[in-house]
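Let's take a friendly walk through a protein model. Have the sequence and the 3D view ready, and follow along as we go.

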Amino acid sequence: MSRYRVAVRTLCDFTAREGDLDHRFTPAPSAQEGIEGHGLVASRRGEDYLAELPLSGEYQGLRVAGRADGFDPSANRLEEVKTYRGNLDRMAANQRALHWAQVKIYGALLCAERGLERVTLALVYLEITSGQETLLTHEASATELQAFFTDHCQRFLAWAEQESAHRQRRDEWLATLTFPYPDFRPGQRPLAEDVYKAASTGRCLMAQAPTGIGKTLGTLFPMLTAMPRQQLDRVAFLTMKTPGRRVALDALARLVTSSSSPPISSSLSSPALTSPLRVLELVARQKACEYPGTACQGDACPLAAGFYDRLPAARQAAVARRWLDRAGLREVALAHSVCPYYLGQELARWADVVVGDVNHWFDSHALLHGLAQANDWRVGLLIDEAHNLVERAGGMYSAELSQQRLSRLRRRSPPALAKPLARVGRQWQTLTKAVTTNAAASQRYHLLDALPNKLVAAMQTLAGAITDYLVEHPDAASVELQELLFDTLAFCRLAERFGDHSLCDLASDGRGDAVLGLRNVIPADFLAARFKAASSAVLFSATLTPFHYYRDLLGLPENSVWREVASPFAARQLEVRIRADISTRYHHREASVAPIVEVLADQYQRQPGHYLAFFSSFAYLEQVITQFQHAHPSVPMFAQTRGMQEAERDAFLARFTPCGKGIGFAVLGGAFAEGVDLPGERLIGAFIATLGLPPFNDFNEALKARMNTRFGQGDDYTYRIPGMIKVVQAAGRVIRSPEDEGVVILMDDRFAQTKVRALLPRWWGLGNHSSS
């Protein structure tokens with residue numbers, strides 16, 4: 001019986017790689033071009049050619065499986081097809097050795113399965129531009145291939161046995177996992193029960209749970225408890241921002257230390273030393289890089305030189321350490337002189353719990369999703385602050401092209417790119433002229449009825465030309481040229497999938513700096529398959545109302561479950577006042593400033609302390625704070641500014657000290673409107689002078705029409721719901737625990753409308769509060 005299973009590619013990646021890490025820019029075929037290239041090769045073969053042939057075999061309990069690219073029975077030839085661009089002679093020797101290893105493993109599996117004594121192995125290199133094949137062949141006996149297979153399996157087997165034993169220890173430990181506190185917080189137990197049911201039934205759960213009940217621990221504990229029972233291979237805790245990763249790691253550390261025996265010291269620096277659970281934090285490459293500005297290749301970066309030669313020892317040390325947050329991973333990597341970022345990418349294959357950004361599962365090139373598909377993993381997803389996923393996912397499947405960048409490059413482009421760049425320039429001019437001819441002179445923004453297919457075609461030609469040029473002139477791969485290529489490829493790939501899930505627009509002031517955009521507005525069409533690929537998924541946030549909004553826009557399965565966890569907070573803790581005599585609509589802004597200043601001053605004088613005041617824009621904020629400073633100079637005040645750096649944001653929050661006083665002015669939906677924890681007297685109230693509605697413009701009106709056509713919810717999905725999500729998040733900064741008390745003052749007459757109030761938390765008990 002198989003104790004461990006491994007894909008052929010994973011086996012060869014593990015046993016056949018050697019030499020330098022080399023991630024210098026080398027234009028390669030896209031995934032779609034690769035698929036088409038494999039199809040082209042198959043179409044050139046005979047009728048009995050077997051493409052994508054599944055093969056598998058075992059060695060001492062190690063099951064190896066995969067799909068060979070093709071087998072020609074009449075020629076008795078097994079083929080491994082690789083697509084490439086340019087000169088095949090530039091392919092590194094260690095890359096060619098990896099390809100031979102793959103086809104030899106497949107050859108061994110084929111001979112064993114079909115009883116063949118010999119087979120011809122072939123590497124088929126297809127140059128996708130010309131369609132020319134280069135065929136490298138090797139005649140091999142079944143005995144020779146079996147020996148090769150045995151050698152690589154033996155080299156992997158010690159690791160496989162270690163992994164099998166680890167899996168058993170991990171599952172046994174998880175089966176005894178205990179909650180790290182004597183009791184659950186109010187609301188935390190029902191949340192945990194719902195998460196466990198979702199994991200057990202393989203369903204998607206959306207859990208709206210208020211801040212302060214311990215959502216992170218309340219989701220991690222049941223998912224980990226379900227892990228051995230549901231045979232989950234991995235759990236991925238996905239966050240929107242870096243602070244979310246830290247909270248998840250702290251919760252995991254608490255679970256690990258409380259359930260380990262013997263207990264360790266109070267320090268949580270290496271909590272996994274007493275637990276078999278492997279925890280990995282994935283960090284962005286620019287944050288993990290030890291040599292910024294250096295190319296990821298052996299002759300430029302010392303941590304890339306000999307990377308694969310030192311990887312086995314680093315990998316073994318890392319899995320022995322088990323607790324691999326950013327600091328732990330870096331420590332292991334530098335001790336073995338390997339790149340921390342790429343060591344983390346490798347360890348994503350072997351960790352039990354991965355904590356990282358949502359893009360690792362939902363982006364078009366997501367690492368964790370790709371590994372799950374390649375290795376047939378059962379994955380449990382936990383998605384924190386899930387109300388942000390609509391916007392984040394929309395950005396993942398959107399793209400822009402800049403006319404200005406093209407113009408700059410055209411002025412100093414190499415001669416080989418002159419013609420395709422000139423063609424693109426002409427198409428830009430044609431498009432902008434056609435769009436602006438019938439538009440008002442002041443109109444900068446234009447929604448297009450359809451894709452500008454001629455410009456897209458010109459961009460596709462340009463992408464091919466740049467790629468071909470860089471293949472022949474690798475030293476000419478400037479940052480600007482690479483960025484243009486990447487932007488162009490991303491745009492063209494999305495253009496191929498353009499549909500009613502996206503809008504196309506052009507922003508131009510007529511001076512040659514037009515920006516063409518593809519804006520994804522309904523991520524569901526891209527995300528539905530990602531949710532389907534997970535064994536179960538739990539999306540949680542303090543703001544997931546209404547359920548149908550997220551179900552529709554995220555593409556959640558039809559059998560998804562929505563739960564609202566009862567709040568542990570009482571209406572008596574939060575005084576909510578609505579100032580229905582104030583309008584913050586754009587054309588009422590000037591008149592609203594004086595009464596808003598009066599509201600802020602009156603509340604501050606009534607109860608001095610720390611407050612946050614939220615506005616719809618920096619311009620509005622500046623209007624109010626200017627008048628407030630003039631009228632009440634003795635009140636301490638500080639404001640969010642445009643483009644605040646991390647140190648400046650930290651300094652802003654540091655002003656909110658216990659027993660301190662002052663008003664912080666901020667923009668709704670910005671850095672201080674969510675994910676900020678100011679408990680107790682650090683924050684006693686919030687003023688919200690806006691409904692947070694997106695601006696009324698051509699784009700949002702087109703979005704409204706699209707939402708109305710698809711879901712019949714145009715106004716709600718475009719304006720009201722997104723705005724109120726921001727309001728509730730901002731107001732949620734005030735009450736962070738059952739002991740907190742505070743006030744929220746909502747300033748706009750529309751807060752009194754039934755439809756708007758229905759989107760506010762029920763525990764606020766607005767029926768018990770009067771509008772004033």
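Let's begin with a cysteine: the sulfur of C504 lies 12 Å from the closest cysteine sulfur, which belongs to C492, so the two are too far apart for a bond. Keep in mind that this is a predicted model. A disulfide is a covalent bond between the sulfur atoms of two cysteines. To count here, the two sulfur atoms must be within 2.5 Å. C301 does not make a bond either, because its sulfur is 6.4 Å from the closest cysteine sulfur, in C339. How many disulfides does the rule give? The count comes to 0.

Here are the two cysteines side by side:

| Cysteine | Closest cysteine sulfur | Distance | Relative accessible area |
|---|---|---|---|
| C301 | in C339 | 6.4 Å | 11%, buried |
| C504 | in C492 | 12 Å | 1%, buried |

Now for some empty space. The second largest pocket has a volume of about 1300 Å³. It is lined by 41 residues, and P243, G244, V247, G675 and D677 are the closest to its centre. Three elements each give two or more residues to this lining: α6 (215-229), α7 (242-258) and α23 (646-654). The largest share, 7 residues, comes from α7. By type, the lining divides into 16 charged, 14 nonpolar and 11 polar residues.

Finally, look at a helix. α3 covers residues 93-114, 22 residues in total, and spans 31 Å from its first C-alpha to its last, close to the expected 32 Å. Just after α3 comes G115, with a positive phi of about 65°.

Terms used. Residues numbered from 1 in each chain as written. Predicted model: local features only at pLDDT ≥ 70, side-chain atom pairs only at ≥ 80, totals over all residues. Heavy atoms only, no water. 1 Å grid on protein atoms, 1.4 Å probe; cavity = no way out; pocket = protein on both sides within 12 Å on 5 of 7 lines; lining within 4 Å. Points joined across faces, edges and corners; volume = space filled by probe spheres on them. Helix = DSSP H or I, 4+ residues; strand = E, 2+ residues; numbered from the N terminus. Nonpolar A, V, L, I, M, F, W, Y, C, P; charged D, E, K, R; others polar. Expected span 1.5 Å × (residues − 1). Buried < 20%, exposed > 50% of the residue type's maximum accessible area, 1.4 Å probe, protein only.
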